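Please consider the structure shown here together with its sequence. The account below proceeds from the overall fold to individual residues.

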Amino acid sequence: MMLNMFFGIACGSLVGWIAAILQEGNTPKRIATYIVAGAVGGLLGGYGGGLLGAETLRYSASAADMMFAIFGAAALVMLTSFAVKQHP
């Protein structure tokens with residue numbers, strides 16, 4: 001369980017960092033915002049995947065956990081990006 005949370009946060013942070021690099025107008029505050037949004041989204045996505053019945057292994061992260069974490073991170077980073085563009 002704890003390892004899945006770690007991988008969800010790590011995958012989400014990576015998604016947030018990549019999204020920050022791809023966006024124009026990178027400032028340190030915006031980069032940090034995307035990384036944190038990605039980490040939270042990865043954590044929520046991994047947890048949501050577990051609730052939906054994704055196969056989880058006891059001491060390792062499964063591919064389903066990773067996919068849900070990446071999807072959750074991408075969704076939250078996209079929402080954050082939309083909110084940042086609405087309020088500069």
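The following paragraphs treat the chain as a whole, then its first helix, its core and its surface.

The model is a predicted one. Its protein chain contains three helices and zero strands, and the order of elements from the N terminus is α-α-α. The chain has 88 residues, of which 30% are buried. Its exposed area is about 5,800 Å², with carbon and sulfur atoms supplying 75% of that area. Of the contacts between residues at least 6 apart in sequence, 69% join residues at least 24 apart.

Helix α1 covers residues 2-22. With 21 residues, α1 reaches 30 Å from its first C-alpha to its last, close to the 30 Å expected at 1.5 Å a residue. Which residues of α1 are buried? They are Asn4, Gly8, Cys11, Gly12, Gly16, Ala19 and Ala20. Two of these, Ala19 and Ala20, lead directly to the core.

The largest nonpolar core consists of six residues, namely Ala19, Ala20, Tyr34, Ala37, Val77 and Val84. Helices α1, α2 (28-51) and α3 each give two or more residues to this core. Within the core set, Ala19 illustrates the links across the sequence: when residues up to four places away are not counted, Ala19 touches Tyr34 and Val77.

Thr80 provides a further view of the packing between elements. This residue is found in helix α3, residues 63-86. Is Thr80 buried or exposed? Thr80 counts as buried because its relative accessibility is 16%, which lies under the 20% limit for that class. Leaving aside neighbours within four places in sequence, Thr80 is in contact with Thr33, Tyr34 and Ala37. Tyr34 and Ala37 are also members of the largest nonpolar core.

The surface presents another aspect of α1. In soluble globular proteins, nonpolar side chains tend to be buried together. Here, however, Leu14, Trp17, Ile18, Ile21 and Leu22 form a nonpolar patch on the surface. Together these five residues have about 530 Å² of accessible area. Ile18, one member of the patch, is found in helix α1. Ile18 counts as partly exposed because its relative accessibility is 41%, a value between the 20% and 50% limits that bound this class. Helix α1 therefore holds Ile18, which is partly exposed, as well as buried residues, including Ala19 and Ala20.

Methods: Residues numbered from 1 in each chain as written. Predicted model: local features only at pLDDT ≥ 70, side-chain atom pairs only at ≥ 80, totals over all residues. Heavy atoms only, no water. Patch = residues over 30% accessible without salt bridge, like charges linked within 9 Å, V, L, I, M, F, W, Y side chains within 5 Å. Areas by Shrake-Rupley, 256 points an atom, 1.4 Å probe, with all protein chains shown as cover. Salt bridge = Lys/Arg side-chain N within 4 Å of Asp/Glu carboxyl O. Helix = DSSP H or I, 4+ residues; strand = E, 2+ residues; numbered from the N terminus. Buried < 20%, exposed > 50% of the residue type's maximum accessible area, 1.4 Å probe, protein only. Contact = heavy atoms within 4.5 Å. Core = buried A, V, L, I, M, F, W, Y, C linked by side-chain atoms within 4.5 Å. Expected span 1.5 Å × (residues − 1).
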